[in-house]
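Here is a quick tour of a protein model for someone meeting it for the first time. Have a look at the sequence and the 3D view, then read on.

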Amino acid sequence: MNFWSAGPLECDFKVLDAPNADAAIEAIQQTGMNVDILISDVRMPGSMDGFGFAAWLKEHLPQVPVILTSGHAQAADVAKELCDHVGEIVKKPYDFDALAARIEKSLSAKKGSS
C-alpha cells in the first residue's frame, strides 16, 4: 500500500493507493484517517470486490461518497440498479478530466450536505 500526494497536474488530491479492499480497510482502521471519497474498481483481488468495499464503507463511513469504475459496461449498469450504496459507476476507459470533475462534484455535494 502506498500513500502519495498528487501534484498540481493531478488536481492536488491526497491518495491512499491500496492493492485491495482488505489493505485499504486495514489502513483506514489502523490510522483513523479521514476519507473524503472512495474510488475503486469493481473487480479487484482480495476478499471483496468494489461493491463489497462500497458496502463496508456505507456501513462504517456512510458520509463518504463512492465512485466505482468498471470496464464491463453492461455489468456496471445492472449493478448500479442493485446497489444503493454506490454513487456513480464510471465506465472504462474514462477521461481523466471528466473523472476529476466527478470527484470534485461528489466532494462538493458532500460538503453541501454536512
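Which residues of strand β3 lie on its covered face, and which on its uncovered one?

## Strand β3 and its two faces

L38 and S40 make up the covered face of β3, which spans residues 38-41, while I39 and D41 sit on the uncovered one. In a regular strand, side chains take turns between the two faces of the sheet. One thing to keep in mind as you go: this is a predicted model.

## The whole protein

Now step back a bit. You'll find four helices and five strands here. Starting at the N terminus, their order is β-β-α-β-α-β-α-β-α.

The protein has 114 residues, and 36% of them count as buried. Its accessible surface comes to about 7,100 Å², with carbon and sulfur atoms holding 53% of that. What about contacts across the sequence? If you take those between residues at least 6 apart, 51% join residues at least 24 apart.

## Helix α1 from end to end

Helix α1 covers residues 21-31, and its buried residues are A21, A23, A24, I25, A27 and I28.

Both ends are worth a look. At the N-terminal end, N20 acts as the cap: one of its side-chain oxygens is 3.1 Å from the backbone nitrogen of D22. After the helix comes G32, which has a positive phi, near 65 degrees.

## From β3 over α2 to β4

Back to β3, this time with its partner. β3 and strand β4 (residues 66-70) run parallel and are joined by four bridges. One pairing to find in the view is D41 with T69, its bridge partner in β4. So D41, from the uncovered face of β3, gives you a handy way to step across to the next strand, because D41 and T69 are bridge partners.

Helix α2 (residues 50-60) belongs in this picture too: together, β3, α2 and β4 form a right-handed β-α-β unit.

## Y94 in its loop

Is Y94 buried, exposed or something in between? It is partly exposed, because its relative accessible area is 38%, and partly exposed covers values between 20% and 50%. You can find Y94 in the loop that links β5 (88-91) to α4 (96-113).

Which residues does Y94 touch, once its neighbours within four places in sequence are set aside? They are T69 and L99. T69 is the residue we just met as the β4 bridge partner of D41. As for G71, it is 23 residues away from Y94 along the chain, and the C-alpha atoms of the two are 9.3 Å apart.

Key: Residues are numbered from 1 along each chain as its sequence is written. This is a predicted model: local features need pLDDT of at least 70, side-chain atom pairs count only at pLDDT 80 or more; totals for chains, interfaces and linings use all residues. Side-chain values use heavy atoms; hydrogens and water are left out. Buried means under 20% relative accessible area, exposed over 50%, partly exposed in between (1.4 Å probe, protein chains only). A polar contact is a pair of N or O atoms within 3.5 Å; within protein, one must be able to donate a hydrogen and the other to accept it, and residues adjacent in sequence count only if both atoms are side-chain atoms. Contact means heavy atoms within 4.5 Å. Accessible areas come from the Shrake-Rupley method with a 1.4 Å probe; for residues, only the protein chains shown count as cover. Two strands pair if DSSP finds at least two bridges between them. A crossover is right-handed if, with the strands pointing away from the viewer, the path from the first strand over the helix to the second runs clockwise.
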